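Here's a quick tour for someone who likes to know the cut-offs behind the words. Have the model open as you read.

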Amino acid sequence: MRKEAHVKKANRTIFNQSNQKTNRLEVKGPLRSGAWRKFIGKAVGVAAGIAVAAIIVLSLLLWHPVRAEMHASVPSPQLGSPAFANPIEVHSRAGEKRLRMVMQLINGTYTIPNVGSETLRQFRGWDASQSAPNLSNDQISPGPTLRTRLGDMVEISFLNRIDDTKFPYTFVTDSPPGQSDFGCDKAGTRDPHTGIILPYPGNDKFPNCFHGSSTANIHFHGTHTSPDGLGDNVLVQVLPQLNQPDWTATFNQIYDSGKIPQKWTDLPLDYQTKQIELIKQHDEAAAAAAKKNNLAPPESLAKANQQMIDAGLWPQYLLGAFPNFFQIPDYDTCKNANPPCKAGQAPGTHWYHAHKHGSTALHIRNGLSGALIIESSQEDGYDHFIRKFYGWGDSYGAHEKIFVFQEYDTIQNLERSPRGAGGPPNPGKGGAQVLVNGKLTPTITMQPGEVQLWRLINATEGNGPGIIKNTLFQAPGFTFKQTAMDGVQFSPANYANQPFLTTNAPNGIVPGGLVLAAGNRADLLVQAPTTPGIVAFKSGGATLFFVNVVTGTPVSFPNGAFPPATWTTMPTFLKDLSSPGPNDVINQNSPVKFQWEDGRVGVGLLPKTPLGFPPHFMINGKQFNQTGDIVDQCMPLDGLQDWVLENWTTLAHPFHIHINPFQVVRIATPTARDTYNVYAPPNNFVWQDTIAIPPAKISTNAAGQITNVTPGRVTIRQTYLDFTGTYVLHCHILAHEDRGMMQLVRVVPAGKYPAGCQDHIPEHH
Ligand SMILES: [Cu+2]
């Protein structure tokens, strides 16, 4: 039985820890230098043939912002750099206004560039009218790019076909403390100072620990859709099932109806009854496995499901298959519907990734993410405007480059053994390199003076090398014009002012320039220089990709200049939100505080650090679900609110909230004790759905006690339109999210506010 295997594996790990050794977590030496990609130094010339290995400082520690910097010495021209390629694409069927596809979660042995073969999970997807592609491809890649248009239906049959016997300890629920091995993943790390094994989870407590990594779902990051049911529902948990019933006919019945089911009982009876039965069987198998090992059974998933169904809500636990089904709201159409929508989807660069609490970080490091491109529907819309200006026709073709930045690794830092007594922690095999669409430092070829639309998506775990730095936009000879942030086009004023890329923006530059935290996206029109040559695009010191500008006649455009001198107007629902009135909420006196334990002055893992274990990341003094099933932030539908977000730690946390984007009104970056660099434009606020809250400045006295914390502050303005339901806000450094830095959020109808805020809370671990 599968669950038995997990329990045994967990026991074996613990047994090995007590013997001060492990099977799967042995202490490993540094990466073999010969394994690193080699480059030919320009200075010595190709003929000299002297290979210069890229030097990577392997001092990455997940919670250490400074030492995590990746330093690479990469002279050009590059040798052995693969050609850049957009990820494969699944797009809406033109005549049907629908994207109907299969998205399968699989596992296998894949080659990570520079690392070797590893057992990973991957997304593979295809249009449902076609047969499955060859799934034995051993190259890692993001999931397919999904390309839709405003107004389209999205119909994704999500099949979790992971063979969970290939991965350690994967259960999704807990049992009474001390009575069984269900709960957090188990592993060991050796303290280099004492030689003692510090077992994971250590001080982490379920559900705020790494766990449940064979269970998944899909979050559609940046979409304005329902957080409930078959929409952008991240509270649903689809457990793995290698061999599945064929759900094609059942799911097609749902999609073909054209009506999005609003209740569980709206789904075909076949799916309801089979799922209830499958989860019951899963409970029984887990209980039997526990009994065989003299352990208490885990909590019943079937019981949790039944409680939700009885309350008229959606069950959280499903086995193997889930039909994601929602519409991309087109404001130009839905504003005339009955009832009318109040906002639409912003056309732009969005993305998707697995979002099961406890395994989001590991999943993102398995590459379980991909681009979601939503195109405009009208002649003056974002994509139509750009393509018309450059004469690119009805589709971008090779003029568009999609960058899914990812990091690949098979295990979390906290679950990994250090390299040896006294040595730096083991950064993992692929943990220090950022790949582009699954490739290491690929090369884009451009004509002299050519213009392309670049869509950048930071799908890394978000720490250290995963922060895409502003140096990327300082590549010599290239010209950049940012057109969108987080999938929302710039207003004409911001298009002209370029708040991230220039110092001429109102009230000065956005602190840090264009830096992409995990979850951020940016669109830029990029023009190559007319001088041929190879240019490295670097994030800090690390080269992410190259552009090879070839020899030739500079490209000319029908409309001449780069970039367009005028810019298309904003859709009306994306105009500036009004300032909150007396009846709106401004949480000036109750900020959303991103913090760690009182007394902590820095990150740290080992006993030499102040508190002896890695930080417990919290929001407003508690971890996710720490005080039970409580909605942390409840808002009335149509509410307009300004929130102050604060950061009381010494590393930036990217705040992300689902369903509705927000406008960034103010950024206050601490520069010294009680001193800030403030960015506060008077209007034309940039829309984002993810923003890094600047780190705090912490002062201490001679005894090391904290005497002052000057927190980083961001003010966001948001309104909660069109969709009620329960969802989340969280830190997009996903290891922080898994370990507690998340809140449960709910939007209720105005008439049920606040009475309905705490009704029937879904389980969410
Ligand atoms: Cu964080």
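The notes below go through a metal site, a helix with its neighbour, and a sheet.

This is a predicted model, so local features need pLDDT of at least 70, side-chain atom pairs count only at pLDDT 80 or more, and totals for chains, interfaces and linings use all residues. Numbering starts from 1 along each chain as its sequence is written, and side-chain values use heavy atoms, with hydrogens and water left out.

Let's start with the copper ion. Its protein donors are His653 (ND1), Cys731 (SG) and His736 (ND1), lying 2.0 to 2.1 Å from the ion. Donors here are N, O and S atoms within 2.8 Å of the metal (3.2 Å for Na, K and Ca), and since water is not among the atoms, sites may look incomplete. Along the chain the donors follow the spacing H-x77-C-x4-H. Histidine 653 sits in strand E30 and cysteine 731 in strand E38, so the pair ties together parts that are 78 residues apart in sequence. Strands (E, at least two residues) and helices (H or I, at least four) are DSSP runs, numbered from the N terminus.

Two of these donors, with their burial (buried is under 20% relative accessible area, exposed over 50%, partly exposed in between; 1.4 Å probe, protein chains only):

| Donor | Relative accessible area | Class |
|---|---|---|
| Histidine 653 | 0% | buried |
| Cysteine 731 | 0% | buried |

Next up is helix H4 (residues 269-292). With 24 residues at 1.5 Å each, H4 should span 34 Å, and its end C-alpha atoms are 35 Å apart, which agrees. The expected span is 1.5 Å times one less than the number of residues. Buried residues in H4 include Tyr271, Leu278 and His282. After H4 comes asparagine 294, with a positive phi near 55°.

Which residues of H4 meet H5? They are Ile276, Ile279, Lys280, His282 and Asp283, and on the H5 side Leu301, Ala302, Lys303, Asn305 and Ile309. Contact means heavy atoms within 4.5 Å.

Finally, there's an open sheet of five strands, ordered E3-E6-E15-E14-E10, with mixed pairing. Two strands pair if DSSP finds at least two bridges between them. E3 (89-91) and E10 (219-221) stand at the edges with a single partner strand each, so one side of each has no neighbour in the sheet. E3 and E6 (residues 145-149) run parallel, joined by three bridges. Valine 90 has leucine 146 in E6 as its bridge partner.
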